[in-house]
Amino acid sequence: MNTHGMLIDYRYCTGCHACEVSCLNEKELPEGEWGIKVNEIGPVKIDGHWMWDFVPVPSDRCDCCIERLEKGVKPPCELHCLGKCLEVLSIEDITKRLKENPTSKLSVFIP
Ligand code: SF4
Ligand code: SF4
């Protein structure tokens, strides 16, 4: 049973792609594969305002870096995230954070 998951707060993603690159380095994935991919939505004009969203999405290659966690080391995607919007947490802590922030743009990935 999975004990950890990734909590992603889309409000603060800058689209820097540091998560993608640091994961590729860590996992040494072949070309065309990724552990997390930053998707771009937009630019689109809504009610006169330009919107451009960045949406990081983990893939089935993401294991939440459990081996690193067991050594007390955070995953590289989390360490390099400029927006501080990725966190790998225990399921209990994720549940707590979701209850504390019911209306924010939070998403959960559990491998
Ligand atoms: S937790 Fe590890 S495997 Fe998952 S996206 Fe981050 S660096 Fe990649
Ligand atoms: S490292 Fe963080 S801020 Fe940069 S693209 Fe990934 S999730 Fe967004």
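**Ligand 2 shell.** I started with the character of the shell around ligand 2: eleven residues are nonpolar, five are polar and none is charged. This is a predicted model, so I read everything below as such. I counted 16 residues around the ligand, and C13, C16, C19, C81 and G83 come closest. Which elements feed the shell with at least two residues each? I found α1 and β3 (49–58) doing that.

**C19.** I followed C19 next, since the name kept turning up. Besides being among the closest residues to ligand 2, C19 is one of the residues with the most contacts inside the largest nonpolar core. Leaving out residues up to four places away in sequence, I listed its contacts as I36, V38, P56, C77, H80, C81 and L86. C81 is in that list and also among the closest to the ligand.

**Core.** The largest nonpolar core holds 14 residues, and C77 and L86 join C19 at the top for contacts within it. I checked where the core residues come from: β1 (4–9), α1 (18–27) and β4 (86–90) each give at least two. Nonpolar side chains tend to be buried together in soluble globular proteins.

**Whole chain.** I zoomed out last. The protein has four helices and five strands, and from the N terminus the order is β-α-β-β-α-α-β-α-β. The radius of gyration is 15 Å against 13 Å from the globule rule for 111 residues, so I noted the protein as being as compact as a globular one of that length. Its C-alpha atoms fill a box of roughly 50 × 40 × 20 Å along the principal axes. Buried residues are 20% of the 111. For contacts with a separation of 6 or more, I got 65% from residues 24 or more positions apart.

Terms used:
Residues are numbered from 1 along each chain as its sequence is written. Chains are lettered from A and ligands numbered from 1 in the order in which they are written. This is a predicted model: local features need pLDDT of at least 70, side-chain atom pairs count only at pLDDT 80 or more; totals for chains, interfaces and linings use all residues. A nonpolar core is a set of buried Ala, Val, Leu, Ile, Met, Phe, Trp, Tyr and Cys residues joined through C-beta atoms within 7 Å. A residue is buried if 20 or more other C-beta atoms lie within 10 Å of its own, exposed if 12 or fewer, and partly exposed in between; C-beta atoms are placed from the backbone. Two residues are in contact if their C-beta atoms, placed from the backbone, lie within 7 Å. A residue is near a molecule or strand if its C-beta atom, placed from the backbone, lies within 6 Å of it. Ala, Val, Leu, Ile, Met, Phe, Trp, Tyr, Cys and Pro count as nonpolar, Asp, Glu, Lys and Arg as charged, and the others, Gly among them, as polar. The radius of gyration is taken over C-alpha atoms; the globule rule is 2.2 Å times the number of residues to the power 0.38.
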